[in-house]
Amino acid sequence: MTAEPVGARSRTGYDAETLAALVADAEEIKGRYPDPRSGLLPLLHLVQSVEGYVSRDGIVFCAEQLGLTAAEVSAVATFYTQYKRHPNGEYTVGVCTNTLCAVMGGDAIFDRLSQHLDVGHDETTPDGSVTLERVECNAACDYAPVVMVNWEFFDNQTPESATELADRLRSGEQVTPTRGADSVCSFKQMSRVLAGFDDGRADEGAGAGGPTLEGLRIARERGWTAPGGEQAGAPGTPRVEVTPETGTGQSSAERKPTTPSDDTGPAGQADAKEGDDD
Amino acid sequence: MTDPLTPVLTDTWDAESSWKLATYEAAGGYAGLRAALGTDPADLVQLVKDSGLRGRGGAGFPAGMKWGFLPPPDGGPRYLVVNADESEPGTCKDIPLMMASPQHLVEGVAITSYAIGCHHAFIYVRGEVLHVYRRLLAAVREAYEAGHLGTNIHGSGFDLEVTVHAGAGAYICGEETALLDSLEGRRGQPRLKPPFPAVAGLYARPTVVNNVESIASVPGIVAHGADWFSSMGTEKSTGHGLFSLSGHVTRPGQFEAPLGITLRELLDLAGGVREGHELKFWTPGGSSTPLFTAEHLDVPLDYESVGAAGSMLGTRALQIFDETTCVVRAVSRWTDFYAHESCGKCTPCREGTYWLKQILHRIEAGAGEAGDIDVLLDLCDNILGRAFCALGDGATSPITSSIEYFRDEYEAHLDGRGCPFDPARSTLFDDTPQAPPALAGAGGH
């Protein structure tokens, strides 16, 4: 690494103006992390916001920014499904075809859309407006079947509503997510937000849809609440102590993790899953 | 005795502009942080241990104990990383939480960071939820502006920076060490453990990785006390949790209840299985947890009881399937998912999920043979416990459990017979009974 500005000798094919803007954005991204390499995922979203996919120039730019080889950046870019290696349409229409949505109608929706648009998975209509995808579970199962347009939620879809949605997108009309911003932005604009550049639209849209509030609605109706603060926990009956000291037989510090570890990762079985962790 | 539903995290979700800081503060938000800043950090760790809070991301590991595993301060940085990569099939609790009330999480991040001595925390949210990412960015910004984050928070001398980071589409990044690699700008592949993240996590520094709901539960514990939290739930599975009902149920949605509630009770609240149908199988905690059937309706949904009944509480992702659903199709599709999301690092998972998928596809298509079911079980036996992380184990759960309960249904597909189910009947839109033509127009629907 040298102190010389990267832009001065970039091997990318970006014009000077584009490059200068990218370099400024990259500086901001790298500044968010103790180690600049942590900025690689946002940097890839950023370059995707320029050309609508992660191009050769995008790869080279990220490599130059982080002092990596193009191969190292490509290895990361190809691991994640949101990075496209060929030009994407203006709108990604993703139909959830993981089990629950598929069973509830996602398969029928995908088939109808595929037929209607005459494209298959990860293919783009000739006019460049729509890229159709099968997507995995997007954490909206209580709104199944779900369609995502540029990763905004379109809940409770049918083959008819989805084809109408696609037609509106192709004709350039604005569409409004069920839960999300007031309108769907372009794939490039979305990629820029995912790079961490706020577009100021967080206050658009609702906080929750019906299913999200279903349990709360019932609780309100029946007067059910959480216990009322400190007093609520039966006074005088201390809870059984369950915090073993580290190093004792019960401590998990010394215990071999059960399969999934305690973290849950994805998968896990034992836990897991979700990814979560914890 | 607590009420059947106990709204804590969900309590502000129906408010106007529920995601705004002002809404959260009007409902008492950030009282926990103010209380925490006047408390010794070690006492906060003890408080969370005493509450019995267990990880809400699936594993159920005690959160306070996890925090307690950090080595003593050595002057270098320590990190908190929130796992907001919610991707387990069926799991849909953290995303609506962050959409409706991201401040619950941000306050939890501030308190937890103070408790563990962290000055830079990260929220790693999956990239496929654009508006949720916007809400998180805005929530963190609002919290900075109000002095809940930043330098010298509320005059305490405590500094905290929070970075919201979007992933890019990879289920495996929900595994905590894969998440850390991803956050370091690498392919999201799990790390060998030990060392655990508590010892060598982000940038090889001591790190706590916790799920969104776990961290969001912390402010309530600090504000109301450990006894308040543990007055909900069971002795070993304390507190409130989000239960997510989806699938063939009349009114799907989020139900925040004490751990230990049963599916029968939840289904009653949700209007039951959709009209005219009956429960066939369900997942207690996402697709990686072995299937349950109607015989498990009364299993208390706590870690111990679900485990004793042969599955796992997981993420309380209750996916409900009725009798119109072909279990082979359901499992085959989940297997496609695991094969697609296998990171490729270890052979049992990479190759195993690939072969599981091939065999399930041919069974579903009617091209399976008598020995295929046993080959599936044999493959699962070679993956379970031999994969590098829990993804491989999870891939076997739906297969082995479905064969246990529905072996005859697998057999019905074999030898050219194919699937006996009509997939249209399982959908929400093709199953509406059509009025016989003779009655059409005869008044009333």
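Reader: How many residue pairs are in polar contact across the interface of chain B and chain A?
Author: The rule finds 44 of them, counting pairs with both residues at pLDDT 80 or more. A polar contact here is a pair of N or O atoms within 3.5 Å; within protein, one must be able to donate a hydrogen and the other to accept it, and residues adjacent in sequence count only if both atoms are side-chain atoms. Keep in mind that this is a predicted model, where local features need pLDDT of at least 70, side-chain atom pairs count only at pLDDT 80 or more, and totals for chains, interfaces and linings use all residues. Residues are numbered from 1 along each chain as its sequence is written, chains are lettered from A and ligands numbered from 1 in the order in which they are written, and side-chain values use heavy atoms, with hydrogens and water left out.

Reader: Which helix gives the most to chain B's side of that interface?
Author: Helix 7 of chain B, residues 130–145, with eight residues touching chain A. Helices (H or I, at least four residues) and strands (E, at least two) are DSSP runs, numbered from the N terminus.

Reader: And how many residues of each chain are in contact?
Author: On chain B it's 132 residues, and they meet 115 residues of chain A. Contact means heavy atoms within 4.5 Å.

Reader: How much area do the two chains bury?
Author: About 9,400 Å² between them, with 60% of it on carbon and sulfur atoms. Buried area is the accessible area (1.4 Å probe) that two parts lose on being put together, summed over both.

Reader: Which three residues supply more of chain B's share than any other three?
Author: B:L130, B:R134 and B:F429, which supply 8% of the area that chain B buries against chain A.

Reader: How many salt bridges are found across the interface?
Author: Nine, between chain B and chain A. A salt bridge is a side-chain nitrogen of Lys or Arg within 4 Å of a carboxyl oxygen of Asp or Glu. Over all chains, the structure holds 43.

Reader: What does A:D107 form a salt bridge with?
Author: With B:R333, the closest N and O atoms being 2.8 Å apart.

Reader: OK, what about salt bridges inside chain B?
Author: B:K20 and B:E142 make one, at 3.7 Å from N to O. B:K20 is in the segment before helix 1 (21–26) and B:E142 is in helix 7, so to speak distant parts of chain B, 122 residues apart. B:K20 is partly exposed at 23% relative accessibility, while B:E142 is buried at 19%. Buried means under 20% relative accessible area, exposed over 50%, and partly exposed in between (1.4 Å probe, protein chains only).
Author: Another one joins B:D181 and B:R191, with the closest N and O atoms 2.6 Å apart. B:D181 sits in helix 8 and B:R191 in the loop between helix 8 and strand 4, ten residues apart.

Reader: Which residues do shared salt-bridge partners join into one network?
Author: A:D107, B:R329, B:R333 and B:D336.

Reader: Switching to aromatics: how many pairs are there over all chains?
Author: The count comes to 18. Rings of Phe, Tyr and Trp (its six-membered ring) pair if their centres lie within 6.5 Å; planes under 30 degrees apart count as stacked, over 60 as edge-to-face and the rest as tilted. One of the pairs is B:Y79 with B:Y203, edge-to-face at 5.6 Å centre to centre and 80° between the planes.

Reader: Why does that pair tie together separate parts of chain B?
Author: Because B:Y79 lies in strand 1 (residues 79–84) and B:Y203 in the loop between helix 8 (176–183) and strand 4 (207–211), 124 residues apart in sequence. B:Y79 is buried at 6% relative accessible area, and B:Y203 is buried at 18%.

Reader: Which cluster do those two tyrosines belong to?
Author: One aromatic cluster formed by A:Y33, B:Y79, B:F122 and B:Y203.

Reader: Last topic, helix 3 of chain A: how many of its residues are buried?
Author: Ten of the eleven in residues 56–66. Those buried residues pack against helix 1 (16–30), helix 2 (40–51) and helix 4 (70–77) of chain A. Just after the helix, A:G67 takes a positive phi of about 70°.
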